[in-house]
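Trainee: Got a minute to go through this one with me? I'd like to start with the basics.

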Amino acid sequence: MSELLEIKDLHVHFPVKKGLFQRPKQHVKALNGVDLTVREGETLGIVGESGCGKSTLARSIIGLQEPTSGEILFNGKDYTKADAKETREMRRDVQMIFQDPYTSLNPRMKIGDSIAAPLKAYNKTDGLESRVKELLELVGLDPDTHYHKLPHEFSGGQRQRIGIARALALEPKLIICDEPVSALDVSVQAQVINLLQDLQKKLGLTYVFIAHDLSVINHMADRVAVMYLGKVMEKSGAGSFQTKAQHPYSRALLSAVPVPDPVEERSRERIVLSSELPSPANPPSGCVFHTRCPLATDRCKTEVPILEEKNESGQEVACFYPIEEPASAGYAAR
Amino acid sequence: MLQVNNLHVHLDTPDGTVKAVDGVTFSIEAGETVGIVGESGSGKSVLAHSLMKLNPEPPAAYPEGDVYFNDRSVLKMNKKELRKLRGSDIAMIFQDPMSSLNPVFKIGKQLIEAIQAHRKRPKKEAREKAIELLRDVGIPDPEARIESYPHQFSGGMRQRVLIAMALASEPKLLIADEPTTALDVTIQAQVLELLKGIQKRYGAAIMIITHDLGVVAHLADRILVMYAGRLVESGSAEDIFYRTAMPYTWSLLRSIPSVGGGERLVPIDGQPPSLIDPPAGCSFEPRCPFATEACRHVDPDLKERGSGHEAACLLSFSEFESLKEGVVSS
C-alpha cells in the first residue's frame, strides 16, 4: 500500500488577542507537531477528547485551515504550498463528511440540487440528474422520490446519507469523516457505519475517521492515532488497538468507555484520570499528559517524549514508561 | 417509594397529539438505581419530567394514570406541594450543565440559594454547607471555587456543581437525564464514579436516563427499556443483557459496535414509528425481524419472564430463545 496522505510536523497555532491593541499575547497550540501517514485504501482512526485538535487536523487536511508550519503531502504533492489551481484539483480528491448533516445542508435546497452542487462547481454537468440519482441509490436512498425533497423531510440517519452522497459526488480518493455518527442513535449509527464500510470496499476509498467513541473507532479503523493536546500520543500498528495500546493515556481512554456488559463492567478495573484537560494555550512542560498521568515521574515534567517505534507492527508510542503487558483478557474478549 | 401507574402523557403539537408516554407502569424503591434506556423520541425524558410534573402544560397533558411519591399523587399536587416535592424529595440533573446554571451569578450564590430553599439557616452555615457539598462532589479547592462564575468551570466541573446543587436538598430520589452525554469519556468515567459514591454516602435512589447501554450496565440495578412511549422490557441488568426477552432490546444490543471491533454490525432497519399515529399492534412490529401477522393487531402487555423480569412480546421466552439461536448460528 502506498502512502496517500503524509502529514509532517504540522503546527496550527491560534493567537489569543488581549489588551487595548489586541496584540497576540498567547497562542493556542491546536496542533503542535503532528506526524501522520494514511495509506491508500485504509481507515485511519483519530481519537481524542474535545480540545485535542482532531477537528483542526481535519480542517487542515481539506485545506480549510492554513497551517502555521509543517507539510501536508497528498499523493506526494505539498498541499500547503500549492497554487489556487492545484488546490482546486486536490480538493476534488479530498472530501469531508460532517457531524451534523442538517447544518451542512442548505435547508431551502432540494437534496438533489445539494448533491449536484459539487458536480456543477467542477463543470461535470453532463448527465447531471442521472449521476445524482446514481449517488442517491449508492447511499441507500430512493432516487426518484427523495430527489425533490428538502432536508427537513429526512431523519438524522437519512441526512447523513445525503451528506455522504454529496461527499462522493466527485469520486474522491480520501474522505475525512469528522464524527459522522456521533449525533445518531445506536440503531441508526450501525446503518451508517455499515454503509461507510460497504462504500469503502466498493469504491476503494481511504478514510480518516475522527471520533471520540472508541468502540466506533475500533470497529472502523485499521490503525488508530490517539491525540492529546495537539500531539499524537500513540499510533497503533496492525492488530487490535484495545489490547496492544501502550500509552497510559490510551489505556485510560479504553478503560473509561463503559461496555454494555454488566458482569464485565462491574469487575473491570477502571483507570479514572484525575483532574481535567489542561488549557491548550498553556500546555504542561515535558510530556503534555504528565499532569494527569498515573505513572508520571520527574523526568516526564521536563523531557518531551518523542513518538518511537515499539515493534515490527509499526506501533509508535510517545512515552518513557509504556505499559507493555497486554490489556486485561476479559476486556479484549468483548 | 415512587410508583408510576399506567401513566399517559400527551403533547399537543400543530401536527396532532403526540402520545409521548403511552401507558407506563413501574416503581422505584428507596436506595436503588434504575436505568431508563431508549433512543431519541422514545419518551424517556418526558417520562422523567412527569415524575416531578415538570412538563410544561400545555402542550403536555396527563389524560390517564398517576405518579405516586410515598403514596401521594404528584399529578394532583398544587403549586406549593410541588415546590416542596421538587425542592426536597426529588432532585434532577440535566444533560447540559451550562444551560442549567445562571451565568451571571457566582456558583456559591446559586448553591447557597438551593440550600436555603430547602431549609432556612444562617448564611454562614449555608456557606459552609455549600463548601462541603462542593468538596463531596470532588471540586478541588472549594473555598476559592465558590467565588467563581459558571463560565470559569469546565463541562465536567459544571456537572459536578449541578450534582452538588441537587444534593443540597438531601433528596430521596435523584433523576439524572443524560448526565454524561455532553462529556468526554474520561470525564464521564469520573462523573459515573461520583454518582456511585454519592449513592453510597447519601443513600438516595437514582434514576438515570440514557441512550448509552454501557452507562446503565455500569450503574443500574434495574433497567427499563423504552420504545415509542412504552416500556417494552424491564429487569435486572443481567436479565436485560444476558436473558434478553424482547426483540427490540436484542436488536439494540446487536447494533452497538463492541470495543473489540470485528464483525459486521446488525442495524435495526427503518425508523421508530410516529407517536402521533402509532401502529395498531406492537409498536416495534414494522422493524422486528420476528414479527408475525398477529403482531400487527395485538399490542402485547408486559408479561413476566422470570423473577422481576418482564417483556412486552407475543413470543414466549423459549420461543424467542430458539429464534435468537437460529439467527446467530446462520
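Mentor: Sure. Start with a term: helices are DSSP runs of H or I with at least four residues, numbered from the N terminus. Keep in mind that this is a predicted model.

Trainee: OK. Where is A:Thr56 placed?
Mentor: In helix α1 of chain A, residues 54–61.

Trainee: Is A:Thr56 buried or exposed?
Mentor: Buried. Its relative accessible area is 14%, and buried means under 20%.

Trainee: Which residues does A:Thr56 touch, leaving out those up to four places away in sequence?
Mentor: A:Val12, A:Phe14, A:Ala30, A:Leu31 and A:Gln65.

Trainee: Switching to rings. How many aromatic pairs are there over all chains?
Mentor: A search of the whole structure finds 10. One of them is A:Phe320 with A:Tyr321, an edge-to-face pair. The centres are 6.4 Å apart, with 70° between the planes. A:Tyr321 is partly exposed, at 32% relative accessibility.

Trainee: And B:Trp250 with B:Phe290, why is that pair tilted?
Mentor: Because the planes are at 35°, and tilted covers what is neither under 30 degrees nor over 60. The ring centres lie 5.6 Å apart.

Trainee: What parts does that pair tie together?
Mentor: B:Trp250 lies in helix α11 of chain B, residues 247–254. B:Phe290 is in the loop between α11 and β11 (303–306) of chain B. So the pair ties together parts that are 40 residues apart in sequence.

Trainee: Are those two rings' residues buried or exposed?
Mentor: B:Trp250 is buried, at 10% relative accessibility. B:Phe290 is buried as well, at 11%.

Trainee: Which residues do ring pairs link into a cluster in chain A?
Mentor: A:Tyr228, A:Tyr249 and A:Phe289.

Trainee: Now charges over rings. Where does A:Lys133 lie?
Mentor: Over the face of A:Tyr147, 5.5 Å from the ring centre. In chain B, the charged end of B:Lys109 sits over the ring of B:Phe105, 5.2 Å from its centre.

Trainee: Last topic, backbone. What is the phi of A:Asn123?
Mentor: Positive, about 55°, although A:Asn123 is not a glycine. A:Asn123 sits in the loop between α3 (111–121) and α4 (128–138) of chain A. A:Asn123 is exposed, with a relative accessible area of 65%.

Trainee: And B:Glu178, what phi does that have?
Mentor: Also positive, about 50°, and B:Glu178 is not a glycine. Its place is the loop between β7 (173–177) and α8 (185–202) of chain B.

Trainee: Buried or exposed, B:Glu178?
Mentor: Buried, with a relative accessible area of 8%.

Key:
Residues numbered from 1 in each chain as written. Chains lettered and ligands numbered in written order. Predicted model: local features only at pLDDT ≥ 70, side-chain atom pairs only at ≥ 80, totals over all residues. Heavy atoms only, no water. Helix = DSSP H or I, 4+ residues; strand = E, 2+ residues; numbered from the N terminus. Buried < 20%, exposed > 50% of the residue type's maximum accessible area, 1.4 Å probe, protein only. Contact = heavy atoms within 4.5 Å. Phe/Tyr/Trp six-rings, centres within 6.5 Å; stacked < 30°, edge-to-face > 60°. Lys NZ or Arg CZ within 6 Å of the ring centre and 35° of its normal.
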